[in-house]
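Me: I would like to go through the terms used for this model one by one, asking each time what justifies the word.

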Amino acid sequence: MSHESRSAESAAGETTGLDFVRTIVVEDRDAGKNDGRIRTRFPPEPNGYLHIGHAKSIVLNFGIAEDFSGTCNLRFDDTNPSKEEVEYVESIQTDIRWLGFDWEDRKYFASDYFEQLYDWATYLIEQGKAYVDELNADQIREYRGTPTEAGRNSPWRDRPAAESVDLFRRMRAGEYPDGAMILRAKIDMAHPNINMRDPAMYRIRLAHHHRTGDTWCIYPTYDFAHGQSDAIERVTHSICTLEFENHRPLYNWFIENLPVPSTPRQIEFARLNLTYTVMSKRKLLRLVQERHVDGWDDPRMPTVSGLRRRGYTPEAIRNFCRKIGVSKTNSTVDLALLEYSLREDLNTRAERYLAVTDPINLTITNWHDGEVDWFAAVNNPEDESGGTRQMPFTGNLYVEREDFLEDPPKKWFRLAPGKEVRLKYAYFVTCNEVIKDESGAVVELKCTYDPETRGGDSPDGRKVKGTLHWVTQEHAKPAQIRFYESLFDREDPEDVGPDEDFLSALNPNSLRTTNGFVEPALAEVPAGQSVQFLRIGYFCGDIRHSTPEHLVFNRAVTLKDSWARVLRNKRENEG
């Protein structure tokens, strides 16, 4: 068997089961392109916080580098100073590290290459492939034509190269105001791809840059800077989302017409769309600026920092990104799958605690005053090495208000007059008397306990179906509990009336806050660490607001598995 045949056979075997992007990477490597070297990059624009869609790209780009012993650069495409801030640069780095990835010493900025990009732009002018245009924005739009009609040449298109070089130099020197001139590539105003109709390369922006200060007053467009930055960094595979597919001919045109040191390959994949969510940075910024949310890291936001504050783990997000895969077709992923990924992760790692979110007093009338009993509570039933902790028990407790009904229906297994229930880890209790306030609201349940049922079992074998959680009034810590729902009230927030925008779809019930009590051990759990409140859901101490003296918990996800319901309904519909 020849070497070529073995290589083809090996490549065919290795690409089995891979997504289409990884398949291309393997084929390029085995064909000897770039000497078998693999380098990707994650190139955020520092004009906002990263969201879950960016996480998909991060997992893909860094993941490919890990899978094929390559490297992945972090590069900030900072070519629009009016929208960029150091805050965004810092938050992006924090989010990537939190997700579990490291660019090592390969952190770059497009602004690192401003001088080289300027020289290459001048080179294109001298080659007759770029020119300075003095049409204004409206005229450029008019001259560009439409997808079905060819554009028209600018009257400045054929000005001498030397004149354009001089004007470009004077643009750099700050002699002209914003919008007075732009530098355009000279390609083809009749090209069927409208992106190839003499696209802009440089525009005047008299704006302070977060890194270069006031050194520059002209800035390259994203289309011009991006591919050349890839080439400078010797990126082999420039992986971007599907909206850049029509820009690929322009990406390649610049690479082919400039003396760049390498030839990266652009590959497009479908971006992430999620139900009940908007991903547009512009819309997310509007939510923040108009104070519809509590900042970029509001737990209802789809930002990485918002998910982290809500209680998501990096493992859950990485697993979600791997579950949804990589495709060439745009689609929308059900939010329930993201929640399932978190629930699946936390089920194995989160410790279990008792918390009462809407408390009602429960008094054990046959308990000895001042007596404290102690019970061993299992930290995590999914982890035998997790051990136990001691929980205090007294005759004065808090239980959940929803666990009591004065006139219950059949098959009600929780508290009611005359009903016996099990208190988790502790004893059987029976409700004997209901105390109400002047308005008729229940304020206290008077119960008796059976001392023979210590540990939750009866020596006479009687069965109790209801098991309730509780905390002691003497030891419990007060806590604010925040119950989060989706920020929007419909699967597609853009599905609004003709005179409305996405803000019309905001969910007025996206946050509900209660004042409850938690067992004392929760005061020792660091903010940001997710735990399970037994029978309620998974919660996380708020990393901005929670302290041991003032506990604040955010609900990360419910215990109920809505994704299982989605799959069940899908199977039923297919059947």
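Reply: We can start with two helices of this predicted model: the crossing of H8 and H9 is right-handed. Their axes, with H8 covering residues 222-232 and H9 covering residues 248-257, come within 9 Å and cross at roughly 60°.

Me: Why are H8 and H9 called oblique to each other?

Reply: The axes cross at roughly 60°, and since roughly parallel requires an angle under 35 degrees while roughly perpendicular begins at 65, H8 and H9 are therefore oblique.

Me: Which residues of H8 and H9 meet?

Reply: From H8 the residues are Asp223, Phe224, His226, Gly227, Gln228, Asp230 and Ala231, and they meet Leu250, Tyr251, Phe254 and Ile255 of H9. Phe224 and Phe254 also belong to one aromatic cluster, together with Phe114, Tyr118, Phe168, Tyr202, Trp216, Tyr219 and Trp253.

Me: How many aromatic pairs does a search of the whole structure find, and what makes Phe114 and Tyr219 an edge-to-face pair?

Reply: The search finds 27 aromatic pairs. For Phe114 and Tyr219 the ring centres are 5.8 Å apart, which satisfies the limit of 6.5 Å, and the planes stand at 70°, which is over 60, so the pair is edge-to-face. Phe114 lies in helix H5 (residues 114-126) and Tyr219 in strand S7 (residues 218-220), so this pair ties together parts that are 105 residues apart in sequence.

Me: How do you know that Phe114 and Tyr219 are buried?

Reply: Buried means under 20% relative accessible area; Phe114 has 2% and Tyr219 has 0%, so both residues count as buried.

Me: Why is the pair of Tyr118 and Phe168 called stacked?

Reply: The ring centres of Tyr118 and Phe168 lie 4.7 Å apart and their planes make an angle of 15°, and because planes under 30 degrees apart count as stacked, the pair earns that word. This pair also links distant parts of the chain, with Tyr118 in helix H5 and Phe168 in helix H7 (residues 161-172), 50 residues apart. With a relative accessibility of 10% for Tyr118 and 0% for Phe168, each of these residues counts as buried.

Me: What makes Arg152 a charge over the ring of Tyr143?

Reply: Arg152 lies over the face of Tyr143 at 4.2 Å from the ring centre, and the limit for that distance is 6 Å. Lys424 is placed over the face of Tyr425, at 5.2 Å from the ring centre.

Me: What is notable about the phi of Tyr425, and is Tyr425 buried or exposed?

Reply: Most residues other than glycine have a negative phi. Tyr425, in the loop between strand S18 (420-423) and strand S19 (428-436), has a positive phi near 75°. At 15% relative accessibility, Tyr425 falls under the 20% cut-off and so counts as buried.

Me: Why is Glu104 called exposed?

Reply: Its relative accessible area is 53%, and exposed means over 50%, so Glu104 qualifies. Glu104 lies in the loop between helix H4 (86-98) and strand S3 (107-109), and has a positive phi of about 55° although it is not a glycine.

Me: Why does Glu420 count as partly exposed?

Reply: Glu420, which is found in strand S18, has a relative accessibility of 25%, and because this lies between the 20% and 50% cut-offs, Glu420 counts as partly exposed. Beyond residues up to four places away in sequence, Glu420 touches Phe428, Val429, Thr430, Arg462 and Val464.

Note on methods
Residues are numbered from 1 along each chain as its sequence is written. This is a predicted model: local features need pLDDT of at least 70, side-chain atom pairs count only at pLDDT 80 or more; totals for chains, interfaces and linings use all residues. Side-chain values use heavy atoms; hydrogens and water are left out. Rings of Phe, Tyr and Trp (its six-membered ring) pair if their centres lie within 6.5 Å; planes under 30 degrees apart count as stacked, over 60 as edge-to-face and the rest as tilted. Helices (H or I, at least four residues) and strands (E, at least two) are DSSP runs, numbered from the N terminus. Buried means under 20% relative accessible area, exposed over 50%, partly exposed in between (1.4 Å probe, protein chains only). A charge sits over a ring if NZ of Lys or CZ of Arg is within 6 Å of the ring centre and within 35 degrees of the ring normal. Axes are lines fitted to C-alpha atoms, for helices over the stretch in contact, and angles run from 0 to 180 degrees between N-to-C directions. Angles under 35 degrees count as roughly parallel, over 145 as roughly antiparallel, 65 to 115 as roughly perpendicular and the rest as oblique. A crossing is left-handed if the near helix is turned anticlockwise from the far one by less than a right angle, and right-handed if clockwise. Contact means heavy atoms within 4.5 Å.
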